[in-house]
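Please take a moment with the sequence and the model before reading on. The report begins with one loop residue and then widens to the chain as a whole.

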Amino acid sequence: QVKLVESGGGQVQAGASLRLTCIASGRTDNNYIQAWFRQDPGKEREYVGGISWNSGTIIYSDSVEGRFTISVDEVKKTVYLQMNSLKPEDTAVYYCAARMGSYDGGSIAIADEYEYWGQGTQVTVSS
């Protein structure tokens with residue numbers, strides 16, 4: 001059983017930066033894909049970006065490409081989401097998710113395919 005715990009959310013002004021952290025426990029190898037999703041009340045859960053631990057492939061959504069960066073600490077089994085140039089439309093609850101497997105060229109942006117989810121952390125960006 002994989003457990004994911006996010007932290008690092010907060011309330012900031014537009015243009016500021018935040019770094020989210022997702023710590024995974026219970027994972028025994030690198031045959032996982034970890035991703036960040038976000039959800040605003042009344043909206044569908046939106047893919048932000050993800051990484052395949054085996055290949056190191058990182059894929060971002062168009063809405064955050066160039067502003068957000070995913071990095072990892074393999075020893076700590078931690079995934080980071082560095083968010084720069086934040087905009088009010090980035091306001092949402094951000095979730096860390098994981099699923100078994102490696103990137104095979106297909107989409108890793110489908111929320112229903114993820115087996116494990118963290119509790120979420122709120123990010124609020126004011127204008």
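## A threonine in a loop

Thr91 lies in the loop that runs between strand 8 (78–83) and strand 9 (92–100), in what should be read throughout as a predicted model. Its side chain reaches the backbone nitrogen of Val125 at 2.8 Å, and Val125 also appears in the list of residues that Thr91 contacts once neighbours within four places in sequence are left aside. The other residues in that list are Asp40, Gln122, Val123 and Thr124.

## A tyrosine in strand 6

Tyr60 belongs to strand 6, which covers residues 58–60. Because its relative accessible area is 17%, and buried means under 20%, Tyr60 counts as buried.

When residues up to four places away in sequence are not counted, Tyr60 touches Tyr47, Val48 and Gly49, and also Glu65, Phe68, Thr69 and Ile70. For Val48, which stands 12 residues away along the chain, the C-alpha atom is separated from that of Tyr60 by 6.0 Å. With Ile70 there is a polar contact, in which the side chain of Tyr60 reaches the backbone nitrogen of Ile70 at 2.7 Å.

## The strands of the chain

The two residues described above sit within a protein chain that has 11 strands and 0 helices. Read along the sequence, the pattern of the protein chain is therefore written with strands throughout, as β-β-β-β-β-β-β-β-β-β-β.

Among the contacts in the protein chain with a separation of 6 or more, 59% are accounted for by residues 24 or more positions apart.

## Overall dimensions

How does the radius of gyration of the protein chain, with its 127 residues, stand beside what a compact globule would have? The protein chain has a value of 14 Å, which agrees with the value near 14 Å that a compact globule with 127 residues would have. Along its principal axes, the C-alpha trace spans about 40 × 25 × 25 Å.

## Burial, surface and charge

Of the 127 residues in the protein chain, 43% are buried. The accessible surface of the protein chain comes to about 6300 Å², and carbon and sulfur atoms hold 46% of that surface.

The protein chain carries 11 positive and 15 negative charges, and the mean positions of these two groups lie 7 Å apart.

Definitions and conventions: Residues numbered from 1 in each chain as written. Predicted model: local features only at pLDDT ≥ 70, side-chain atom pairs only at ≥ 80, totals over all residues. Heavy atoms only, no water. Helix = DSSP H or I, 4+ residues; strand = E, 2+ residues; numbered from the N terminus. Rg over C-alpha atoms; globule rule 2.2 N^0.38 Å. Buried < 20%, exposed > 50% of the residue type's maximum accessible area, 1.4 Å probe, protein only. Contact = heavy atoms within 4.5 Å. Areas by Shrake-Rupley, 256 points an atom, 1.4 Å probe, with all protein chains shown as cover. Lys, Arg positive; Asp, Glu negative; His and termini not counted. Charge placed at Lys NZ, Arg CZ, Asp CG, Glu CD. Polar contact = N/O pair within 3.5 Å; in protein donor to acceptor, adjacent residues only side chain to side chain.
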